[in-house]
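Hello,

Here is the structure we spoke about handing over. My notes on the strands follow below it.

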Amino acid sequence: MYDAWNTLCALAFTADKIEVPKSIGNPMETGLFVRSVGSPRGQIRDYRGNVDGSNLGIHVVEFLGHYEVHVDRFDPYKKPVEHLIVDSPGTLLEIPLLLRLMKKR
């Protein structure tokens with residue numbers, strides 16, 4: 001399973017995103033990924049893996065019937081601000097709303 005996920009990560013560099021059947025196995029079992037979070041898109045879980053010697057990150061999004069794998073230009077664990085600006089700009093737009101909601105409590 002490790003080799004399959006390693007290959008999928010390499011393929012993700014050449015595509016916008018790739019869809020992977022669940023039959024490939026859980027990415028956590030490879031030791032390549034950690035549980036993480038992502039922008040809500042109806043997923044069950046998110047996983048992230050880093051690319052050694054690079055600011056890139058691999059993001060695996062788990063849905064009911066499949067996984068989606070894509071490469072983030074900035075790994076959120078290595079470059080959190082850059083990740084928000086480039087890979088997840090919608091999250092930046094939500095921060096003021098969240099702060100207002102928290103302030104009202």
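How many bridges join strand β2 to strand β3, and do the two run parallel or antiparallel? Please bear in mind that this is a predicted model. There are 3 bridges between β2 (residues 34–36) and β3 (residues 45–50), and the two strands run antiparallel. Within this pair, V34 stands opposite R48 of β3.

R48 also has a partner across from it in β4, namely H59. Strand β4 covers residues 57–62, and 6 bridges join it to β3, again in an antiparallel arrangement. The connection between β3 and β4 is a hairpin, with 6 residues between the strands. One residue in that turn, G53, has a positive phi of about 75 degrees.

As for the whole sheet, it is open and has 5 strands in the order β1-β5-β4-β3-β2, with antiparallel pairing. Its edge strands are β1 (18–21) and β2, each of which pairs on one side only. From one strand to the next, the twist averages 30 degrees.

As general background, strands of a sheet pair through backbone hydrogen bonds, in either a parallel or an antiparallel way.

Regards

Terms used: Residues numbered from 1 in each chain as written. Predicted model: local features only at pLDDT ≥ 70, side-chain atom pairs only at ≥ 80, totals over all residues. Heavy atoms only, no water. Pairing = 2+ DSSP bridges. Helix = DSSP H or I, 4+ residues; strand = E, 2+ residues; numbered from the N terminus. Axes fitted to C-alpha atoms, helices over the stretch in contact; angles between N-to-C directions.
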